[in-house]
Amino acid sequence: MFGFIISRFLQAIVVVFAMSIIVFVGVYAIGNPIDVMIDPAATAEMRARLIAQYGLDQPLWRQYLTFLANVAQGDLGRSMVYNTSVTGLVFSRLPATLELVLVAIAIATIIGIPAGIYAGYRPKSFASKAIMALSILGFSVPTFWIGMLLIMGFAVELGWLPSGGRGDEGTFLGISTSLATANGWSHVIMPAVNLSLFKMGLMIRLTRAGMVEAMQTDYVKFARAQGLPDRQIVFKHVLRNISIPVVTVFGLELGSTLAFAVVTESVFNWPGVGKLIIDSILTLDRPVMVTYLILVVILFVIINFTVDIVYARLDPRVRLGGTK
Amino acid sequence: MTAALDVKGLTTRFDTRAGTVTAVDDVSFSVEPGRIMGLVGESGSGKSVTGFSILGLIDEPGRVSGGQVMVEDTDLRTLSPDALRSMRGRKVSMVFQDPMMTLNPVLRIGDQMAMAVRVHEEMPQAKALERARDALGIVGIPSPEERLAAYPHQLSGGMRQRVAIATALLHRPAVIIADEPTTALDVSIQGQILAEVRRLADETRTAIVWITHDLAVVSSLADDICVMYAGKIVERGTAEEVIGQPRHPYTRGLLDSVPGQHEPGARLPQIPGSTPQLSHLPSGCPFRNRCPRATQVCTTLPPFTSTGGHSVLCHHPLEVS
Amino acid sequence: MTDAVTTPNIAPDEPVGPPVETRVTRLKNFWSDFRQSWVAIGALIVIVTLLLLSFGAPLVAPQDPYDMAMLDWLDAFLRPGTEGTGGYVHVLGTDNAGRDMLSAILYGLRTSFTIGLSAGALALTIGITVGLTAAYFGGRIESVLMRIIDLQLSMPAILLALVLVALLGQGVMQIILALVVAQYAYFARTTHGAATVERGKDYIEAARSTPLPTHRVLFKHLLPNVMPPLIVVATVQVASAIALEATLSFLGVGLPLTEPSLGSLISNGFKYIHSDRYWLSIYPGIFLMITVVAINLVGDQVRTVLDPRHSR
Amino acid sequence: MTAPLLVIDHVSKRFPLKATLGDKLTARLSGRRAGGAVHAVTDVSLTVAQGEVVGIVGESGCGKSTLGRIVSGIYAPTEGSVLLDGQPVASGREEHVNKLTTRVQMIHQDPFASLNPRMKVGETISEGPRTHGLVPASEVRAKTRALLDQVGLEGAYADRFPHQFSGGQRQRIAIARALAMQPDLLVLDEAVASLDVSIQAQVLNLFLDLRRDLGLTALFISHDLSVVRHVCDRVAIMYLGRVVELAPADELYAKPEHP
């Protein structure tokens, strides 16, 4: 177990390092940000000065080393557009994204997993078929389009909910969050539902597949032969087994939901990091792009690492090592 | 003496796209307390479906469509689903073929067994665990106390099968259905389990239905034998009768096919053809197109003819010498 | 013992099931299973209709939305069902530039299909190659390739495509390339997964121990047996490519409005969402939704039919 | 005395256990050695004469199947050599093994897994001889039919897919596939173990007939002593990777020294 953790940890470090190179090279190959930033009427001398100021005249590997050295000091550079520290910029936007993602994941889990369990337990019933049809809608219809429909319906036509932006913040347990106010909730609910639909579809299908498979195993038949009622078989035997893959995917999806927030934040004009990255791509704000992508990579690596360990904890076959 | 298990006219059908198939066709037998009945058949003969039908554990698209299953004095077929469930594990229980699959891999042995105890009898967990430990001891598992805390993957195949048998024994059922429980095990382990089962049957007076394809196993273990072919019981009698003086040509063919008894290198006596598909059975006697003794009369279903307790479903049974 | 049931020659016994099966009967069986779901049949009809309409757009559509000369500012923002200066009824209305929405949608759908199908086909080819190579050769090749694939799969496709499009610039080819890079990993993983199961089976070992040449084992034995799950993934990925392209265009990094896809049409219409010019965004959106859902429904039925546990 | 057809000379096979980087590190830190290996076959020597059938018996996990795969050129031995007529059967190490001869053919245990489900049985049988040019293209069809006939199946079955056949029939097809390569040595790995008793007798009889007609040489691997005794001239008993006893089949039965 200890060896397993160490090897995973080393792998994670290698991944972060490799990805930082790829991200850096990739992003720095995009266009020339000076053209975007500078007044076309500016003199060649001004232009050269600006290029030198951002270190853009240096060879790429040197730029990367400078970048690494700065990162080591906690400095990820300055945004070329906002002209502020990138770290500060990203972290000021992060809470908004996190609260959106958490609400979305909560909705997807609370509805998706029970629905999937039911659909897997009674695969032939009408309700199960309806659940499955909805799950196909959930993960196939593009998020931005559903978001738009939601705005048209609940904001424009009915006028019940605001069409975008983040609501008032309040303080809850010392954390400043819009989830502490009613106005905040009215702003978050629509984007969160929008963001949750894809995950919900996925969770339903995953849980159902696990359930259907588990119900056909010998240990379930054996439990039935012992006279255990179905309820007990589902809750004591089966759930324990399917919880392992579900928890794994849940963790992995946490990360991808964060990435998907890009779309929802754009539609609902939500002031999170997703909106920030879209804006920075459109304005070629390199430091912001690099910071965001590296942040995402690190987040993914941490999540994967945690999921691996949780998985190993949950499954006694991994935890204790097989004897045969 | 009343039988622990008395099956009469049990019939199970499966609705498939190719039409309805009768997997268990009018099967009748009874087992007395403390006796072991070997239910022998090749793959597709319906022997496992018979086992599941007895417990009422046939899933869609199958259904038990007729017959009577008396366990002690209750007909399981007339019970409500809930009442039937309360019989399972308490009066009649089952052991499966693959010991690697029958135990839940993520639950401790003790917890699984305690669950099986408490579903039929209300008692605290600690007491249920004690019962589980005793059951493990009975089936010859060393240091049962420690095994309770183990997960299935920490035990060998033979040990797991003992755990499964112990679980089946928890409520001292009148009947245990054992579906090929030693097929997946090595010969030496198989021998140990067989000896253990024989002892348990004698000591606990449990009636055991031992489903298998292996004639060698039943001939050493069983008191009585039923031979199944294409969903029907074709021969029934005591082990000595069926093994020593088979009357059905199929039973005879099966016994002769075993290589051990013949001159090395000689051609083995063989049954021609292959096991029929249940959806394409010949009319009348299902064995007739593979049978050396078949005649025109075999296109009609043969009757059961008995000499003493030894009965055979054949128009032309072999003579008893 | 001599009266035992022997026969001098082994009786050739009848094989079971229908007499002769060819690839044609296999297709027929597949079709008769597929047909069981009327939803899937409906979805298939929808897809075929949309394909015909979109690729026949120059013949079907009342207007060529790319031809600036045919656009008239006077026709801007006509409500659905209004007759414009062109002398015909704009069934789905017109947009801010006076474009007939129905025509724009059909041409846009054509772009979406082109992108989705070519990205899907390319990603499938690359994915199969990578996945089969990894599974067949094993060892170091396998662990390196699959590590890369896993790494890539842990990044959501949307993010990868976003960065790639930003990197490559706008245009149909660029989008296809970005989608291929973002999606081939799914095929590679599916191929690898199925192929590792199959390669452990005895028929592969039998082929290798004959010995048959590597390419024959790969393409005649391994590939045909990993195809079923790939077909399912392919349908899902084509739908997802179409949706991704629309999303990218919606976010403003995909195709420009001068080369309209469904995404850029919706994106354009989104600006007018607060006025009541709903038709600019709603109609292209409905076509997008129908297309994507129909493909997924067909894929879902194919999955059900090809599932080995599905009883025949 | 002529030289034996097959010589298995001090063959061992170890499967290395994969150690992760972390395992190696923790092992290094705690002073233990990482990795290790499973010894599947240890120092086995055996010869098979032309026309002889040698049985290998043992319980599951004793290494008999691994030995069969080494002889068939699917695995390369870690130590020792396998020579057919003085020539090595396969070259290479660990993952990439090149089989050098078509003269050893194998028949697997499970006929449901050993035939490609998406290939007609005729093609399955004929593809080996065709790719190795053993049969002229014009005669492939006739030869395939003749082989099917030889194993007791109708020639017309060549156009069918495996799933239409029963287990016993499939095993006959697998035998036809092996015979198509005109092998000098057959390796049968539990070839009748998954068949019903009545079908098992048919396949054993087929094997005995073929042996008589073609003068087959074979390595017959099984867990079932009675089957092995019936068809083999000599029997090797394997236990934990080693051959613990080697005797003529009839003597073995009289005084078995190992369980």
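Q: Leaving aside neighbours within four places in sequence, which residues is B:Thr102 in contact with in this predicted model?
A: Two chains supply the partners of B:Thr102. Chain B gives B:Phe96 and B:Ala164. Chain A gives A:Asp218, A:Tyr219 and A:Phe222.

Q: Is B:Thr102 buried or exposed?
A: B:Thr102 has its place in the loop between E6 and H3 of chain B. Its relative accessibility is 1%. Buried means under 20%, so B:Thr102 counts as buried.

Q: Which residues form one aromatic cluster with A:Phe222?
A: A:Phe222 is in contact with B:Thr102, and so is B:Phe96. A:Phe222 also belongs to an aromatic cluster. The other members are B:Phe52 and B:Phe96.

Q: Why is the pair of B:Phe52 and B:Phe96 called tilted?
A: The ring centres lie 5.6 Å apart. The planes meet at 50°. Under 30 degrees would count as stacked, and over 60 as edge-to-face. The angle fits neither, so the pair is tilted.

Q: How many residues apart are B:Phe52 and B:Phe96?
A: B:Phe52 sits in helix H1 (residues 47-55) of chain B. B:Phe96 sits in the loop between E6 and helix H3 (109-118) of chain B. Both residues are buried. Their pair links distant parts of the chain, and the separation is 44 residues.

Q: What kind of aromatic pair do C:Tyr136 and C:Phe137 form?
A: The structure holds 13 aromatic pairs over all chains. In the pair of C:Tyr136 and C:Phe137, the centres are 5.3 Å apart. The planes stand at 85°. Planes over 60 degrees apart count as edge-to-face, so this pair is edge-to-face.

Q: Which charged residue sits over the ring of C:Tyr136?
A: C:Tyr136 counts as buried, at 10% relative accessibility. C:Phe137 counts as partly exposed, at 30%. A charged end lies 4.8 Å from the centre of the C:Tyr136 ring. That charged end belongs to C:Arg208.

Q: Which strands are the edge strands of the eight-stranded open sheet in chain B?
A: The order is E6-E7-E8-E3-E9-E10-E12-E11, with mixed pairing. Neighbouring strands are turned by 20° against each other on average, direction ignored. An edge strand here pairs on one side only. The edge strands are E6 (92-95) and E11 (304-307).

Q: What angle does the direction of helix H7 of chain B make with that of E8(B)?
A: Helix H7 (residues 187-204) packs on the sheet. It touches strand E3 (36-40) and strand E8 (207-212) of chain B. Its direction makes an angle with that of E8(B) of about 155°.

Q: Which ring does the charged end of B:Arg236 sit over?
A: Strand E10 (residues 232-238) of chain B pairs with strand E12 (residues 310-313) in the antiparallel sense, over two bridges. B:Arg236 stands opposite B:Ser311 in E12(B). The charged end of B:Arg236 is 5.0 Å from a ring centre. The ring is that of B:Phe304.

Q: What is omega of the cis peptide bond between C:Thr210 and C:Pro211?
A: Most peptide bonds are trans. The bond joining C:Thr210 and C:Pro211 is cis. C:Pro211 lies in the loop between helix H8 (202-209) and helix H9 (214-251) of chain C. Omega is about -5°.

Q: What is phi of D:His10 near?
A: Most residues other than glycine have a negative phi. D:His10 has a positive value. D:His10 lies in strand E1 (residues 6-16) of chain D. Its phi is near 45°.

Technical notes. Residues are numbered from 1 along each chain as its sequence is written. Chains are lettered from A and ligands numbered from 1 in the order in which they are written. This is a predicted model: local features need pLDDT of at least 70, side-chain atom pairs count only at pLDDT 80 or more; totals for chains, interfaces and linings use all residues. Side-chain values use heavy atoms; hydrogens and water are left out. Two strands pair if DSSP finds at least two bridges between them. Helices (H or I, at least four residues) and strands (E, at least two) are DSSP runs, numbered from the N terminus. Axes are lines fitted to C-alpha atoms, for helices over the stretch in contact, and angles run from 0 to 180 degrees between N-to-C directions. Contact means heavy atoms within 4.5 Å. Rings of Phe, Tyr and Trp (its six-membered ring) pair if their centres lie within 6.5 Å; planes under 30 degrees apart count as stacked, over 60 as edge-to-face and the rest as tilted. Buried means under 20% relative accessible area, exposed over 50%, partly exposed in between (1.4 Å probe, protein chains only). A charge sits over a ring if NZ of Lys or CZ of Arg is within 6 Å of the ring centre and within 35 degrees of the ring normal.
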